[in-house]
Amino acid sequence: MPVAPLEVTLRADHSLWLRDQGAAGSPAMKVSRDELIARVAAKQARAPEQGVVIAADKSARYEDVLAVLDLLQRNGVRKVGLLARASQ
């Protein structure tokens, strides 16, 4: 059974929010970059198949999204992807 990914959201104010899509009703929580790495690494240590998706506010700059992706990858986070949402 596949594991629902962790969702990292980059907001327009450059804040990062983390939500565990596998935990029903789990709210997103604001995290620092260090907290993000620690929480994702801990989750992947328990569940190596745990994926991570990065979403961003539509006003976020592409370079800022790539910086988050790079941060995760440089810190050994595996299975990282970008989340695309259809425009309404």
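Biologist: Which helix is Leu72 found in?

Modeller: Leu72 is in helix H2. Keep in mind as we go that this is a predicted model.

Biologist: Sure. Is Leu72 buried or exposed?

Modeller: Buried: its relative accessible area is 0%, and the cut-off for buried is under 20%, so Leu72 qualifies.

Biologist: And which residues does Leu72 touch?

Modeller: Leaving out residues up to four places away in sequence, Leu72 touches Leu36, Ile37, Val52, Ile54, Val77 and Val80.

Biologist: How many residues are in the largest nonpolar core, and which have the most contacts inside it?

Modeller: That core has 18 residues, and Val8, Leu36 and Leu72 are the ones with the most contacts inside it. At least two residues come from each of S1, S2, H1, S4 and helix H2, which spans 62–74.

Biologist: Which element gives the most to this core?

Modeller: H2 does, with five residues.

Biologist: Let's switch to the strands. How many residues of S1 are buried?

Modeller: Strand S1 covers residues 6–10, and five of its five residues are buried. Leu6, Val8 and Leu10 point one way from the strand, while Glu7 and Thr9 point the other way.

Biologist: So what about Glu7 and Thr9, buried or exposed?

Modeller: They are buried as well, just like the three leucine and valine residues on the other side of S1.

Biologist: Which sense does S1 take when it pairs with S2, and which with S4?

Modeller: With S2 the pairing is antiparallel, over five bridges. With strand S4, residues 52–56, it is parallel, again over five bridges.

Biologist: What are the bridge partners of Leu10?

Modeller: In S2 the partner is Leu16, and in S4 it is Ala56.

Biologist: Which residue in the hairpin of S1 and S2 takes a positive phi?

Modeller: His14, with a phi near 75°. That hairpin has five residues between the strands.

Biologist: Back to S4. How many of its residues are buried?

Modeller: Four of the five, so S4 counts as mostly covered, with buried meaning under 20% relative accessible area.

Biologist: Which strand does S4 join through three bridges?

Modeller: Strand S5, residues 80–82, and the two run parallel. Val53 is a handy residue to follow here: Glu7 stands opposite Val53 in S4, and Val53 in turn stands opposite Gly81 in S5.

Biologist: New topic: pockets. How much space lies in the largest pocket?

Modeller: About 170 Å³. Strand S2 (16–20) and helix H1 (33–46) are the elements that give two or more residues to its lining.

Biologist: Which of these gives the most?

Modeller: H1, with four residues. The full lining is Leu6, Leu18, Arg19, Asp20, Ser26, Pro27, Met29, Arg39, Ala42, Lys43 and Arg46.

Biologist: How do the lining residues divide into nonpolar, polar and charged?

Modeller: Five are nonpolar, one is polar and five are charged.

Biologist: Last one. Where is Ala23 found?

Modeller: Ala23 is in the loop between S2 and strand S3, which spans 29–31.

Biologist: Why does Ala23 count as partly exposed?

Modeller: Because its relative accessibility is 33%, and partly exposed lies between the 20% cut-off for buried and the 50% cut-off for exposed.

Biologist: What separates the C-alpha atoms of Ala23 and Ala4?

Modeller: They are 8.5 Å apart, with the two residues 19 apart along the chain. For Leu72 and Pro27, 45 residues apart along the chain, the C-alpha separation is 21 Å.

Methods:
Residues numbered from 1 in each chain as written. Predicted model: local features only at pLDDT ≥ 70, side-chain atom pairs only at ≥ 80, totals over all residues. Heavy atoms only, no water. 1 Å grid on protein atoms, 1.4 Å probe; cavity = no way out; pocket = protein on both sides within 12 Å on 5 of 7 lines; lining within 4 Å. Points joined across faces, edges and corners; volume = space filled by probe spheres on them. Nonpolar A, V, L, I, M, F, W, Y, C, P; charged D, E, K, R; others polar. Buried < 20%, exposed > 50% of the residue type's maximum accessible area, 1.4 Å probe, protein only. Pairing = 2+ DSSP bridges. Core = buried A, V, L, I, M, F, W, Y, C linked by side-chain atoms within 4.5 Å. Contact = heavy atoms within 4.5 Å.
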